[in-house]
Amino acid sequence: MTGKLQIKHIPHASPTSPEARAALMQNPGFGKVFSDHMVTMTWNAERGWHDAEIKARAPFSIDPASAVLHYAQEIFEGMKAYRTKDGIALFRPEENARRLAMSADRMAMPTVPEELFIDAVETLVRTDADWIPEGDGSLYIRPFMFASEAFLGVRPASEYIFCVIASPVGAYFKGGYKAVTVWVSDDYTRAAPGGTGAAKCGGNYAASLIAQAEATKHDCDQVVFLDAAEHRWVEELGGMNVCFVMDDGSLVTPPLGGTILPGITRASILKLAQEAGLRIDEKPYSFDQWRKDAESGKLREAFACGTAAVVAGIGSVRFKDGSFAIGNSGDGEVTAKLRSELVGIQRGTVADKHGWVHLV
């Protein structure tokens, strides 16, 4: 507990039965099944954060004039809880707390203190521990905050709700793990300098959906966005960062600069890659160079990384004028090794030398 704000437990009148829960968790998919509880708390300018509760998951009742519905003041995080031999584990939750605070600053919203953020997440995970799948599954945790003040004026709201919900999940991509095919968007951009690209806000994802739909129409799993200024430089995928493994032992990834989300999985992978002997080059990488390097063999592997999918090899790339393959169009050796090590750390089967695992 924080010592300042206690989370009040309100008993659930009719929690899901063990039998019904087991049936729901047999094939949960991703983000379709939800656990019994949620944590909520409220902020206003007079009282700060208050009324912290864990209670039965239920719809919100908000005013039609709530600021989030009109001016999109909303941010969120994504993280997972795992069953390990040592107990239930989170992966680097303090980084999620810090990134939520950075997003809040950018969106002119109040920050949730790190200790309170972690307390809220831990409280939900402990309460709904029976919803954490065995085996390869995990409990996907979604902390989020939105402006709840009823006011039709263009200014930062003076009231907010912070909430944490959870969803037992299997594989992110339909059909389980596979090397993915990506579509390079020629018409849409995700973020521009000075914009909200580094904030994890819903508006970024709303703007990406039309491009993701275009990718789906071309039988691709994800969309790749290029920069807004020159429409030349690779930035990130619709929901993940991207890395390139070259034949000289280097790993190239677009640099953080305000237009790319600072992924926690990305940072972890770069650390593991460096320790494995790869040289890390955070530098601009153009789509034209990506194509040339793939065709010449200089580019050996490419992969996407993020909390939901963890690490997914990119097998082929499609764009308006054609397509090209990367390596053997399957899973590369470096990609597989990095994914195996990261997943092993998260699930407690590989030694955690960095203090990344947080037992609940």
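A pocket is an open set of grid points with protein on both sides within 12 Å along at least five of seven lines, and its lining residues have an atom within 4 Å of a point. With that in hand, start at the largest pocket of this predicted model. Its lining counts 32 residues. Nearest the pocket centre lie Phe76, Tyr140, Arg142, Tyr172 and Tyr205. The volume of this largest pocket is about 710 Å³.

Which elements build the wall? Strand E7 (138-147), strand E8 (159-169), helix H5 (202-217), helix H6 and strand E15 (299-306) each give at least two residues to the lining of the largest pocket. The chemistry of that lining is mixed. By class, 15 residues are nonpolar, 13 are polar and four are charged.

Now step back to the whole chain. The protein chain holds eight helices and 18 strands. Its radius of gyration is 21 Å, close to the 21 Å that the globule rule gives for 360 residues, so the chain is as compact as a globular protein of that length. Along the principal axes, the C-alpha trace spans about 60 × 50 × 35 Å. Buried residues account for 52% of the 360 residues.

One strand of the pocket wall deserves a second look. Strand E15 supplies at least two residues to the lining of the largest pocket. Phe303 lies in strand E15. Is Phe303 buried or exposed? Its relative accessible area is 0%. Buried means under 20%, so Phe303 counts as buried. Phe303 and Glu74 are 229 residues apart along the chain. Their C-alpha atoms are separated by 29 Å.

Next comes the enclosed space. A search of the whole structure finds one cavity of 30 Å³ or more. About 110 Å³ of space lies in the largest cavity. The residues that line the largest cavity are Gly78, Met79, Lys80, Tyr82, Phe91, Asn96, Ile264, Thr265, Thr307 and Gln346. Strand E5 (79-84) and helix H6 (264-275) each contribute at least two residues to this lining. Strand E5 gives the most, with three residues. Helix H6 also supplies at least two residues to the lining of the largest pocket. By class, the cavity lining has four nonpolar, five polar and one charged residues.

Turn to the aromatic rings. A search of the whole structure finds 16 aromatic pairs. One of them joins Phe287 and Phe319. Their ring centres are 5.1 Å apart, with 75° between the planes. That pair is edge-to-face. Phe287 lies in helix H7 (residues 287-296) and Phe319 in strand E16 (residues 310-319), so the pair ties together parts that are 32 residues apart in sequence. Both Phe287 and Phe319 are buried.

Helix H7 has a further link of this kind. Trp290 and Phe324 form an edge-to-face pair, 6.0 Å centre to centre with 80° between the planes. Trp290 sits in helix H7 and Phe324 in strand E17 (residues 322-325). The two are 34 residues apart, and their pair links distant parts of the chain. Trp290 is buried, and so is Phe324.

Where do these two pairs belong? Phe287, Phe319, Trp290 and Phe324 are among the members of one aromatic cluster. Phe244 and Tyr285 are in that cluster too.

Rings also meet charged side chains. The charged end of Arg21 sits over the ring of Trp131, at 5.9 Å from the ring centre. Arg57 lies over the face of Phe34, 4.2 Å from the ring centre.

Finally, check two backbone angles. Asp51 is not a glycine, yet its phi is positive, at about 55°. Asp51 is found in strand E3 (residues 48-56). How accessible is Asp51? Its relative accessible area is 45%, so Asp51 counts as partly exposed, the class between under 20% and over 50%.

Arg92 has a positive phi as well, near 50°. Arg92 too is a residue other than glycine. Its place is in the loop between strand E6 (87-91) and helix H3 (93-106). Its relative accessibility is 13%. That is under the 20% limit, so Arg92 counts as buried.

Methods: Residues numbered from 1 in each chain as written. Predicted model: local features only at pLDDT ≥ 70, side-chain atom pairs only at ≥ 80, totals over all residues. Heavy atoms only, no water. Phe/Tyr/Trp six-rings, centres within 6.5 Å; stacked < 30°, edge-to-face > 60°. Helix = DSSP H or I, 4+ residues; strand = E, 2+ residues; numbered from the N terminus. Buried < 20%, exposed > 50% of the residue type's maximum accessible area, 1.4 Å probe, protein only. Lys NZ or Arg CZ within 6 Å of the ring centre and 35° of its normal. 1 Å grid on protein atoms, 1.4 Å probe; cavity = no way out; pocket = protein on both sides within 12 Å on 5 of 7 lines; lining within 4 Å. Points joined across faces, edges and corners; volume = space filled by probe spheres on them. Nonpolar A, V, L, I, M, F, W, Y, C, P; charged D, E, K, R; others polar. Rg over C-alpha atoms; globule rule 2.2 N^0.38 Å.
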